[in-house]
Amino acid sequence: MAHFAKIGMNGKVLNVLTLDDNDMLDANGNSDERVGQQHLEQHNNWPAEMWIQTSYNTSANQHKLGGTPFRGNYAGIGYTWDDENEIFWSPKPYSSWVKDFSTATWKSPIGHPPELTSEQSSQNQAKTHFWMYNWDEENQSWSLTNLRS
Amino acid sequence: MKKKVLSEQALYWGNVSMPKGFEIDTGKLSEDILHSSFTNKEFPYSKTWNMLNTYIIEHIGLKYNLSLTNKNSWGSIYKPNQISKSLFNANLMDLYNSPDFTLLYGVKVNNCFVEIHYDDNRRKGKSWNIELKNNEFIMFPSTNVFTISNEQKENLNFIQTIVYEYI
């Protein structure tokens, strides 16, 4: 089963459809994205070039089953197709965040949150606390919160 | 201080920007409207209608996170200088099966205006007037009464109505 994202005029993903593998085989029996695009154009009345194949098992530029990641992330409705870098970007979580091309994710301008201390991790494991860093857009910093308090 | 919006009467409008070569075939839609109007038959669902419906569902869903499913559709013709009677697509005796939204699409229109009536708390009987243009849509709650007027004296106006419920 193959998956294709339907791309809108502004590059946003409008929908994601599945396609039978047999519907994207070329004359030699090889899987070809363009054949799938033509099939989708014919049956869904939307231009072939605005159907982009996406990988169900790719997330944050990693393949869940150990294969080769494909186009950054599995496309979802509201994602943006980056034609130049061949990446499906999730919606930007905060206006100050920037693209991390190596992981196909967004990151804060000061990077990822600090690691939890060993004490905080043990408290999370013991379920007495639930320590978590949340992004504070106003102060442009990570703030540590106990969600179990 | 906090605020919670308990109810909303929102109006959505815009044009149907299909990719080049895949534009809505308004000739086909107006033919279907004519045919269904004069034969008194149900509006025929077609590839063109489906393209319009899919566009609306997908774009409203993407932009406003509103998941719509269509309940019914029909076409209407308005003669020059005709003003419709008051229209209302919800059934007060059967609200469970009534649609949530009414969408009007300008198939072939000229000087076509839609007047939507609403109450704003104790301020009753207010209305909003908006022009419906070719290849544009207006969507509003089906519980709002509205009228459609063809404010010119030469051409028929063709309008496609689709009613939706949200899920």
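Across the interface of chain A and chain B in this predicted model, the rule finds one salt bridge, in which the side chains of Lys6(A) and Glu58(B) meet at 2.7 Å, N to O. Two residue pairs are counted in polar contact between chain A and chain B, both at pLDDT 80 or more. On the side of chain A that touches chain B, strand S2 (residues 13-19) of chain A gives the most, with three residues, and by class that side has seven nonpolar, three polar and three charged residues.

The contact as a whole takes 13 residues from chain A and ten residues from chain B, and the two chains bury about 1000 Å² between them, 71% of it on carbon and sulfur atoms. Within chain A, the residues that lose the most area to chain B are Met9(A), Leu14(A) and Asn45(A), which together account for 52% of what that side buries.

Turning to the fold of chain B, an open sheet of five strands follows the order S1-S6-S3-S8-S2, with antiparallel pairing. Strand S1 (12-15) and strand S2 (68-78) of chain B each have a single partner strand, so one side of each of these edge strands is left without a neighbour in the sheet. On average, neighbouring strands of this sheet are turned by 20° against each other, direction ignored. S1(B) is joined by four bridges to the antiparallel strand S6 (residues 136-141) of chain B, and Asn15(B) stands opposite Glu136(B) in S6(B).

Helix H1 (residues 26-39) of chain B packs on the sheet, where it touches S2, strand S3 (101-108) and strand S8 (157-166) of chain B, its direction making about 110° with that of S3(B). Helix H2 (residues 47-64) of chain B lies across S1, S2, S3, S6 and S8 of chain B and runs at about 50° to S8(B).

Definitions and conventions
Residues are numbered from 1 along each chain as its sequence is written. Chains are lettered from A and ligands numbered from 1 in the order in which they are written. This is a predicted model: local features need pLDDT of at least 70, side-chain atom pairs count only at pLDDT 80 or more; totals for chains, interfaces and linings use all residues. Side-chain values use heavy atoms; hydrogens and water are left out. Contact means heavy atoms within 4.5 Å. Buried area is the accessible area (1.4 Å probe) that two parts lose on being put together, summed over both. A salt bridge is a side-chain nitrogen of Lys or Arg within 4 Å of a carboxyl oxygen of Asp or Glu. A polar contact is a pair of N or O atoms within 3.5 Å; within protein, one must be able to donate a hydrogen and the other to accept it, and residues adjacent in sequence count only if both atoms are side-chain atoms. Helices (H or I, at least four residues) and strands (E, at least two) are DSSP runs, numbered from the N terminus. Ala, Val, Leu, Ile, Met, Phe, Trp, Tyr, Cys and Pro count as nonpolar, Asp, Glu, Lys and Arg as charged, and the others, Gly among them, as polar. Two strands pair if DSSP finds at least two bridges between them. Axes are lines fitted to C-alpha atoms, for helices over the stretch in contact, and angles run from 0 to 180 degrees between N-to-C directions.
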